[in-house]
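Visitor: I am new to this structure and would like a close look at a single part of it. Could you take me slowly through the place where the helices pack on one another, and then show me what lies around it?

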Amino acid sequence: MSKIVIIGSGINGLSAAALLAKRGKSVIVLESAAEFGGAVRTEEVTLPGFKHDLFATNLSLFAGGGVMAALKDDLIRNGLEFVPSAKPFCSVFPDGKSIGIVMDRDANIATLTRVAPGDVESWKSLTTKLGILAPHLFPILGTELPSFAAAKSLYKTWRAIGTEGLFDLIRLLLQSSRAFTDEHFVHPETKALAAIWGMHLDYGPDISGGALFSFLESIGGQEFGMVLGKGGADNLIKSLVGVIKENGGTLVSGARVTEIITTDGKATGVKTADGTVYEATKIIANVNPALIPNLLPKLDAEKPEVSKVKNFRPGLGTMMIHLALSDLPDWTASEARGFNYVHIAPYVDDLAMTYTVAAAGQLPTTPALVIGQPTVSDPTRAPDGKHVLWIQVRVLPLEMVGTTWDQVGEEYADRIIENIEQYAPGLKAKILARKVLTPTDLERYNANLIKGDSLGGSHHPAQFFFLRPLPGWTGHKAPIKNLFICGSGTWPGGGVGGGSGLMVANLLSK
Ligand SMILES: Cc1cc2nc3c(=O)[nH]c(=O)nc-3n(C[C@H](O)[C@H](O)[C@H](O)COP(=O)(O)OP(=O)(O)OC[C@H]3O[C@@H](n4cnc5c(N)ncnc54)[C@H](O)[C@@H]3O)c2cc1C
């Protein structure tokens, strides 16, 4: 019987393992960390009873994705429980204004009429546009690239929307967030509301490719809301682990793979740090592609097609600040209290400055902040009446001249709290405890997060779609027989979706 070894238990490694185990394959997952889940992990890192999603928190991609569709009953039987939020995101501004997007088109039109009346018609027409494009865009995210299926899907799209429509779509895919928001909106608040979504990936407002995410996430939030895991994002991980075990799969934690063994140019097994050898007929690496040559020292030296993947570039860094709070922040824009995410960017020019300064190795003064308030919709994450705050600082330098994150992390976190205090006076007095995870800490937790890049590789157009991670490594195959790849460094990229796990499982089920 074929034996499949999966290196790494990120959302994609686990998704592949669960699907393959369910289809009767023999799978073993080897994870270097003490816990499974990679960038999806929940821990009481501040005080007992305060459950913090250390990294990812928004599980919407998974909830609407192909793994969920394939394993829904199994996952629910193994404890999966989502908490939906109908108030997904809000942007607050220095003058006390805010725009919050809820799952109610009329309510959003009322908000825009009040705060940004010149953008009401554009918002309506973008809502219509998403309705037209969604049936074509979302299937592509679940389709192998490059592939015949993708070419067929593109042909179907052309038949449905015509040549001009297709060219408009390609234009949208190549546009920057700034170009997109300038084209559709006149108010700086609406532009910022949409452009910050590009920064959730690594698109500064002037980087080609950011428009798609500004469009999909802002209008998509209105249409689909947001989804969290009950009691923590690790609810999803525990249920996937349950499905793997239920179907006879094995998982080993504390097992760092140090070598992929090859025989006659084919991958035949792996060796872990303690010297254990696991033989395999197929290997799936849920490993950042740039790190895979380290696991193949001989081929790295001998085969340029192997070593070339080291050119796969990380996106900029991320830092997390977790707060245990006696109460939610008192936002000056009081309606922000009810939202799952509060964005402090604040405007598009600030995003551009932040991105440029970070790329140049310096600390941004007004960094883009994504502030998660999970206890608004899931009070089980904190003791009665108390709250947790999930603060993601986007984007930060990968390297700094003359200093390190270990030296400046806590001090920089103080500055971030001061920044938030300007939008929510009294926040500091509500902090019961905090935990700071710098970009360096992120990489310590998970080697895939190179220098704190939360996305397992930049998503700029040269490394995205059919080019991810690099030519010669696409289609979830390494240029070595029997070695397959999945994870955020492969198509369809970062996020808790499981899409690449599904694609590689399909490849190995043939
Ligand atoms: C701070 C932060 C916040 C985020 N927020 C969100 C969010 O809210 N929503 C969202 O959709 N996405 C979010 N993301 C992105 C998302 O979490 C990731 O893109 C996704 O979880 C990555 O999954 P993956 O399958 O690539 O594996 P990873 O999560 O990278 O996990 C891979 C696993 O492989 C293990 N591993 C690596 N090398 C080896 C080896 N040699 N031997 C054994 N094991 C190995 C690692 O220890 C790790 O556990 C966030 C990411 C971060 C860091």
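Guide: Let us begin where Leu71, Asp74 and Leu75 of helix H3 meet Ser239, Leu240 and Val243 of helix H10. By class, this contact of H3 with H10 has 4 nonpolar, 1 polar and 1 charged residues. Please keep in mind that the model is a predicted one. H10 covers residues 234-246, and the axes of H3 and H10 come within 9 Å and cross at roughly 95°. Since angles of 65 to 115 degrees count as roughly perpendicular, that crossing makes H3 roughly perpendicular to H10.

H3, which spans residues 66-77, also packs with helix H1, at an angle of about 60° and with the two axes 11 Å apart. H1 and H3 are therefore oblique to each other, and their crossing is left-handed. On the H1 side the contact is made by Ser15, Ala18, Leu19 and Lys22, while H3 brings Val67, Ala70, Leu71 and Asp74. The residues of this contact of H1 with H3 divide into 5 nonpolar, 1 polar and 2 charged. Leu71 and Asp74 of H3 thus appear in the contact with H1 and also in the contact with H10.

From H1 we can move on to the ligand, around which there are 39 residues, with Gly8, Gly10, Asn12, Gly38 and Gly487 coming nearest. The elements that give two or more residues to this shell are helix H1, residues 11-22, and strand E14, residues 317-325. The largest share, 3 residues, comes from H1. Taken by class, the shell around the ligand holds 17 nonpolar, 20 polar and 2 charged residues.

Strand E14, in turn, leads into an open sheet of 7 strands with mixed pairing, whose order is E7-E6-E15-E16-E17-E14-E18. Strand E7 (98-101) and strand E18 (431-437) stand at the edges, and each has a single partner strand, so one side of each is left without a neighbour in the sheet. Direction ignored, neighbouring strands of this sheet are turned by 20° against each other on average. Within the sheet, E14 and strand E17 (residues 387-396) run antiparallel and are joined by 9 bridges, and the bridge partner of Met319 in E17 is Val393. Helix H13, residues 348-359, packs on the sheet, where it touches strand E16 (368-372) and E17, and its direction makes about 65° with that of E17.

Methods
Residues numbered from 1 in each chain as written. Predicted model: local features only at pLDDT ≥ 70, side-chain atom pairs only at ≥ 80, totals over all residues. Near = placed C-beta within 6 Å. Helix = DSSP H or I, 4+ residues; strand = E, 2+ residues; numbered from the N terminus. Nonpolar A, V, L, I, M, F, W, Y, C, P; charged D, E, K, R; others polar. Pairing = 2+ DSSP bridges. Axes fitted to C-alpha atoms, helices over the stretch in contact; angles between N-to-C directions. Contact = placed C-beta atoms within 7 Å. Parallel < 35°, antiparallel > 145°, perpendicular 65-115°, else oblique. Left-handed = near helix turned anticlockwise from the far one by under 90°.
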